[in-house]
Every structure is written in structure tokens, then in C-alpha cells.
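The following paragraphs lead the reader through one model, from a single helix to the empty spaces and finally to the cysteines. It may help to keep the structure in view while reading.

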Amino acid sequence: MELIDKRVVLHFPGFEPLDGIAHKARYERAARQSAAVWGYSIEMGPADEGSDPVSFGVRTAERVAAPEVGTGSPGWQTKSRIHMVDHDILVRKLRAGNTLSQIIAGFRSCAEIMFEGGMRGYFRHAWRFGLFFLFPFLLTALAIALTAQIAIIPYGLGFSPWHVLWSGPLAFCFFIFAFLPFSERFHTLHLFADWKMAVALGRMDRSDFNDWLEGRAATVRKALDEEADEYVISSHSMGSSVAAHVIGILLEREPEIFQGKRVVFATLGSAILQCALMSSATLLRARVGLIARCPEISWIDVQCLTDSINFYKVPVVAVSGHADAPQAKMILIRVKQMLTREHYRKIRKDQLRVHRQYVLGPDLQAPFDFTLLTSGPMPASVFANPDKKRMPG
């Protein structure tokens with residue numbers, strides 16, 4: 001199999017409060033873990049000054065003793081240029097405002113998703129994702145009900161209405177100083193913002209979001225002008241919906257943009273259907289179809305049984321309304337194969353942490369490795385075949 005000498009990677013991270021520099025630091029940590037596990041060498045370059053999105057170079061190579069003069073090749077080497085197309089600016093915008101405004105906006109998003117059939121689609125195709133959707137809203141609704149009960153205790157006990165002077169502040173203190181700190185263990189307000197973004201990417205009715213997507217499309221278009229043996233467009237979680245919009249915009253304008261290129265579209269723990277199952281998400285579903293039908297793009301959809309925040313064994317292209325188009329190749333992985341038993345036992349109850357493992361470093365050699373997908377010597381398409389080697393023999 002032909003090895004990759006030069007690769008261009010466009011990575012769309014998930015919905016996290018991390019900018020491009022922070023995502024680069026995470027990538028570097030994961031890459032060094034991968035190199036130690038698989039036994040290759042890696043060199044990380046600094047972020048290009050002033051680059052937007054943050055871009056940097058990675059060089060991986062076979063770890064061999066320095067060859068003597070005249071003895072031949074030092075082994076394989078692969079250079080990758082990584083572009084971190086993060087959406088931290090949108091995350092910060094959605095998390096702005098006081099707690100009350102964030103809660104109100106979150107419940108509004110919940111109602112909009114229900115009204116547009118999103119929740120019905122979640123439970124129809126991936127019931128665990130449906131529970132993930134409901135959890136932060138049910139938790140907060142319960143807390144609001146308990147707060148109200150505390151406030152009206154005097155009425156229930158037959159006390160004078162003047163007793164609300166102590167029950168009201170007590171209820172307020174319960175919600176602010178007991179519930180909110182407790183709820184942060186489950187990232188409740190962050191999840192509220194995540195659902196607000198799902199509505200925005202489904203409806204495409206916010207000019208600030210649409211303008212930002214247009215800007216990202218322009219920068220991605222420039223990155224695609226770089227010469228390479230392979231182009232990997234990887235995305236994690238909510239980043240998959242962002243990637244689908246951005247790549248879809250480019251295909252709408254230039255249907256032949258990928259002609260002559262080897263392109264792999266890798267969606268990791270994809271949340272495309274989080275947005276696409278809304279009835280108003282016609283544009284997103286159309287762009288999914290454009291990507292699926294592009295002959296130069298090989299789409300691999302990496303899914304995990306123990307990750308409740310993805311649509312396990314659900315054919316994203318068909319469910320988006322394109323049953324007649326080439327389907328994404330499902331890659332089913334297990335987090336427990338990537339980590340030591342102790343490490344897996346420590347994280348398995350934290351669903352958001354399990355969900356991040358797609359882009360984190362491994363403890364063990366496993367069928368899937370994010371660093372090898374984006375910086376390894378083998379074509380990224382090898383991950384579509386469980387029998388192919390992940391490293392040269």
C-alpha cells in the first residue's frame with residue numbers, strides 16, 4: 001500500500017469552550033501518547049503566527065536507529081498540516097448572559113426541538129441520545145419545582161403570608177448555592193448552550209452563525225489549495241454538523257472542488273442527526289447529500305457502543321433523506337479497547353469524557369487511533385477496513 005508523504009487535515013472539534021490553541025495542545029498530548037503506544041517518533045511544530053484557523057505542522061516518522069552512511073533509507077516519514085477549525089467564538093456567544101437568561105434560552109431550544117420533531121427522531125433512532133437530550137432539562141425542571149415548593153412552605157403549613165420573607169430567600173439560596181453547583185457536575189448550562197447551537201445549525205436562521213460559516217468556508221477553501229497526497233476532513237460531535245455545512249457550502253459553489261484529490265471525511269461520534277432530524281434542517285440534510293454523492297469523498301462514520309452521545313449503528317446519510325446515495329462506512333469502536341482497565345473504569349460513568357475519547361490519546365494499540373488517522377503514514381481510508389494494518393509492516 002502506498003504510504004502518505006504529505007497530508008492536509010481540516011479538523012472540526014466538538015462543542016467545547018476551547019479555542020484553537022487549546023485544541024492544538026490537546027492534539028499534541030494525544031499524539032505523544034499515540035507515538036509512545038505504537039512506537040513511532042513525532043515532532044509538533046508551533047502554531048503558524050496569525051493563522052485563522054490555528055494551523056500547525058506535524059511530522060511522524062519510523063523510530064529507527066540512525067542509518068550508517070550509504071545503508072539506505074531511514075524509514076517512512078509523513079508530514080501533515082493540521083487546521084483546527086474550532087467554533088469557540090460561537091460557544092462563548094451562546095454561553096454569554098446571566099444564569100436566568102441561559103436557562104430560559106435553553107428551555108426555548110428544548111421546546112423548538114420538540115415542536116420540530118427532533119426529540120421524536122432521537123428516540124426513534126437512538127433512544128440513549130433521546131435521554132441525553134432530556135436529561136439537563138428534566139434535572140433543571142425538577143430543581144425549579146423544588147425551589148417553588150420551598151418558597152411556598154409557609155402556605156402549606158398554614159403560616160402567615162409574611163413567612164415568605166424567609167422561605168423566598170431560602171428557596172433562592174437552594175437554587176443558586178445548592179442546585180447550580182451540583183448541576184455543573186453534569187455541565188447542565190453548557191448542554192443548554194449546545195442545544196441552542198443545534199437549533200441554530202438546523203434552522204440556519206441566525207445571520208451571525210451563517211456569516212461565520214461563510215467565513216470558515218473561505219478559509220477551508222484556501223487550505224484545500226495546498227498540495228497533498230491526501231486530505232482528511234475530520235470532525236467530532238457537534239463539529240460534524242459544522243463540517244457538513246462548511247463542506248456543503250463549497251460543493252454548492254464548486255461541484256468539482258475535490259476533483260483529482262483523495263479526500264476522507266471522518267465523522268467521530270457525529271451529532272449531525274442532532275440537528276438534521278429537525279424538520280427545518282432542510283439545508284443541512286441537502287448538504288449531507290452533496291457530501292455523500294461527491295465521488296472523491298470517502299466518508300467514514302466512527303461510532304461507539306458505550307458512547308450515549310452518538311447515533312450508534314444509525315446510517316446518517318439515509319436518515320438524512322438520501323437512501324439512494326452512497327452511505328457512510330460505519331466504523332464501530334470500543335473505548336475499553338483503547339484504554340487500560342483501570343483508566344476505563346475511572347471514566348466510564350462520565351459520558352462526556354467517554355464521548356471525548358475519539359480525539360484523545362490511547363493507552364493501548366487499538367483498531368482506532370485519532371493521531372494515526374490524521375498524521376499517520378497509512379491512508380486514512382485504512383480505518384474503514386478492520387483487517388488492514390494501522391502501521392507499515
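In this predicted model, helix 9 spans residues 207–223. Its 17 residues reach 25 Å from the first C-alpha to the last, close to the 24 Å expected at 1.5 Å a residue. Within helix 9, the buried residues are Phe209, Trp212, Leu213, Arg216, Ala217, Val220 and Ala223. They lie on the same side of helix 9, because they cover an arc of only 145° around its axis. The general geometry accounts for such a pattern: an α-helix has 3.6 residues a turn, so residues three or four places apart point the same way. The other side of helix 9 carries the exposed residues Ser207, Asp211 and Lys222.

The empty spaces come next. Rolling a probe the size of a water molecule over the atoms shows where such space is left. The largest pocket holds about 350 Å³. It is lined by 14 residues, of which Phe132, Phe135, Phe186, Gln351 and Leu352 are the closest to its centre. Helix 5 (127–151) and helix 15 (351–356) each supply at least two residues of this lining, and helix 5 gives the most, with 4 residues. Sorted by class, the lining of the largest pocket comprises 7 nonpolar, 3 polar and 4 charged residues.

The second largest pocket has a volume of about 290 Å³. Its lining consists of 17 residues, and those closest to its centre are Phe15, Glu16, His190, Leu352 and Arg356. Two or more residues of this lining come from helix 8 (188–203), and the same holds for helix 15. Here the classes divide into 7 nonpolar, 7 polar and 3 charged residues. Leu352 thus appears among the residues closest to the centre of the largest pocket and also among those closest to the centre of the second largest pocket.

Besides pockets, the structure holds 2 cavities of 30 Å³ or more. About 70 Å³ of space lies in the largest cavity. Its lining is formed by His11, Pro13, Gly14, Glu16, His23, Arg26, Tyr27, Met84, His236, Val359 and Phe370. Helix 1 (residues 20–38) contributes the largest share of this lining, 3 residues. By class, the lining of the largest cavity has 5 nonpolar, 4 polar and 2 charged residues. Glu16 is one of these lining residues, and it is also among the residues closest to the centre of the second largest pocket.

The second largest cavity encloses about 60 Å³. Around it lie Gly269, Ser270, Ala271, Ile272, Leu273, Asp301, Gln303, Asn310, Phe311, Val314 and Val316. Helix 11 (272–276) and strand 7 (297–304) are the elements that give two or more residues to this lining. The lining of the second largest cavity contains 6 nonpolar, 4 polar and 1 charged residues.

The cysteines remain to be considered. How many disulfides does the structure hold? There are 0 disulfides. For Cys110 the reason is distance: the closest cysteine sulfur, in Cys275, is 15 Å from its own sulfur, too far for a bond, given that a disulfide requires two cysteine sulfur atoms within 2.5 Å. Cys110 is buried, with a relative accessible area of 7%. Cys294 also counts as buried, because its relative accessibility is 5% and the cut-off for burial is under 20%.

Key. Residues are numbered from 1 along each chain as its sequence is written. This is a predicted model: local features need pLDDT of at least 70, side-chain atom pairs count only at pLDDT 80 or more; totals for chains, interfaces and linings use all residues. Side-chain values use heavy atoms; hydrogens and water are left out. Buried means under 20% relative accessible area, exposed over 50%, partly exposed in between (1.4 Å probe, protein chains only). On a 1 Å grid over the protein atoms alone, a cavity is a set of points where a 1.4 Å probe fits but cannot get out, and a pocket is an open set with protein on both sides within 12 Å along at least five of seven lines; lining residues have an atom within 4 Å of a point. Grid points are joined across faces, edges and corners, and a volume is the space filled by probe spheres set on the points. Ala, Val, Leu, Ile, Met, Phe, Trp, Tyr, Cys and Pro count as nonpolar, Asp, Glu, Lys and Arg as charged, and the others, Gly among them, as polar. The expected span of a helix is 1.5 Å times one less than its number of residues. The arc is that of the directions from the helix axis to the C-beta atoms.
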